[in-house]
Amino acid sequence: MKKMHKIFGEKKEVPYLERQGAYLIPFKEIYIGVVKTKKGYFLLGGGKEKGEGDRECIARECMEEAGFHVSISEKICSAETYYKAPEIGYFHPVQVYYMGELLEKVQEPTEEDHQFVWMKFEDLRGKMYLEMQNWAVEQAWERWVRGEEKKGK
């Protein structure tokens, strides 16, 4: 896999809140699993806690946001953005995206403002809250479709 990383936004000469994060893009047939909040749609995942790797972060966040155990496969891409968030100011998240699947649901989500939903790519396309997550979903969809074509589906 060639390295795919994309930068969004324009960096200004101000201090930014930096945040490293890891995210899962799970597929089930023609559906992609995401969480819906009052702000909009987000990928499953979030910011890494101290000493946490990508896989540990994704496993913890998927449990908190959707209540599922996960299987994480390949890294798809990464992205970062520079923007001013209304609630925290200048923000620079750096996110890594993985393909994978949701296994069994073992609990109710602990993040009550997150609703897990399966959505068709066509209905989700361009509707993620963050532009960089829209881009990541496009990359994952292309990879998933190519993989399905190789399987003969």
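**Figure 1. Tyr83, a partly exposed residue, and its ring partner Phe91.** In this predicted model, Tyr83 has a relative accessible area of 25%, which places this residue in the partly exposed class. The structure holds twelve aromatic pairs, and one of them joins Tyr83 to Phe91: the ring centres are 5.8 Å apart and the planes stand at 70°, so the pair is described as edge-to-face. Phe91, for its part, is buried, with a relative accessible area of 7%. A pair of aromatic rings is described by two quantities, the distance of the centres and the angle of the planes.

**Figure 2. The surroundings of Phe91 in strand S7.** Strand S7 covers residues 89-105, and Phe91 is one of its residues. When neighbours within four places in sequence are left aside, Phe91 is in contact with Tyr16, Leu17 and Arg19, and also with Thr81, Tyr82, Tyr83 and Ala85. For a sense of scale, the view may be extended to Gly47, which lies 44 residues from Phe91 along the chain, with 13 Å between the two C-alpha atoms.

**Figure 3. A cluster of rings formed by Phe27, Phe121, Trp141 and Trp144.** Ring pairs link these four residues, Phe27, Phe121, Trp141 and Trp144, into a cluster. Within the view, the rings of Phe121 and Trp141 have centres 4.5 Å apart and planes at an angle of 5°, so this pair counts as stacked. The pair connects distant parts of the chain, since Phe121 belongs to helix H2 and Trp141 to helix H3, with their positions 20 residues apart. Both Phe121 and Trp141 are buried.

**Figure 4. The nonpolar core and the contacts of Val34.** The largest nonpolar core has 43 residues, and those that touch the most other members are Ile25, Ile32, Val34, Leu43 and Tyr97. Helix H3 gives the most to this core, contributing seven residues. For a closer look at one of these members, Val34 can be followed to its contacts beyond four places in sequence, which include Tyr41, Phe42 and Leu43, then Gln115, Phe116, Val117 and Met119, and further along the chain Leu124 and Met128.

**Figure 5. The salt bridge between Glu74 and Arg143.** The side chains of Glu74 and Arg143 meet in a salt bridge, with a nitrogen-to-oxygen distance of 2.7 Å. This pair links distant parts of the chain, 69 residues apart: Glu74 sits in strand S6 (residues 68-85), whereas Arg143 sits in helix H3 (residues 131-151). The two partners also fall into separate accessibility classes, as Glu74 is partly exposed with a relative accessible area of 38%, while Arg143 counts as buried at 16%. Side chains of opposite charge can pair in this manner when their charged atoms come close.

**Figure 6. Further salt bridges, including those of Arg125 and Asp54.** The structure holds nine salt bridges. In one of them, the side chains of Arg125 and Glu138 meet at 2.7 Å, from N to O. The pair spans 13 residues, with Arg125 in the loop between helix H2 (121-124) and H3, and Glu138 in helix H3. Arg125 is partly exposed, its relative accessible area being 48%. Another salt bridge brings together the side chains of Asp54 and Lys48, with 3.0 Å from N to O; here Asp54 counts as buried at 17% relative accessibility, and Lys48 is partly exposed at 32%. Elsewhere, salt bridges link Glu49, Glu52, Arg60, Glu61 and Glu64 in a network.

**Figure 7. Two buried cysteines, Cys57 and Cys62.** A disulfide is a covalent bond between the sulfur atoms of two cysteines, and the structure holds zero disulfides. Cys57 is in no disulfide, and the nearest cysteine sulfur to its own is that of Cys62, 8.8 Å away. Why does the sulfur of Cys62 form no bond with that of Cys57? The two sulfurs are 8.8 Å apart, which is too far for a bond, because a disulfide calls for sulfur atoms within 2.5 Å. Both residues are hidden from the surface in terms of accessibility: Cys57 is buried with a relative accessible area of 0%, and Cys62 likewise counts as buried at 0%.

Conventions: Residues are numbered from 1 along each chain as its sequence is written. This is a predicted model: local features need pLDDT of at least 70, side-chain atom pairs count only at pLDDT 80 or more; totals for chains, interfaces and linings use all residues. Side-chain values use heavy atoms; hydrogens and water are left out. A salt bridge is a side-chain nitrogen of Lys or Arg within 4 Å of a carboxyl oxygen of Asp or Glu. Buried means under 20% relative accessible area, exposed over 50%, partly exposed in between (1.4 Å probe, protein chains only). Helices (H or I, at least four residues) and strands (E, at least two) are DSSP runs, numbered from the N terminus. A nonpolar core is a set of buried Ala, Val, Leu, Ile, Met, Phe, Trp, Tyr and Cys residues joined through side-chain atoms within 4.5 Å. Contact means heavy atoms within 4.5 Å. Rings of Phe, Tyr and Trp (its six-membered ring) pair if their centres lie within 6.5 Å; planes under 30 degrees apart count as stacked, over 60 as edge-to-face and the rest as tilted.
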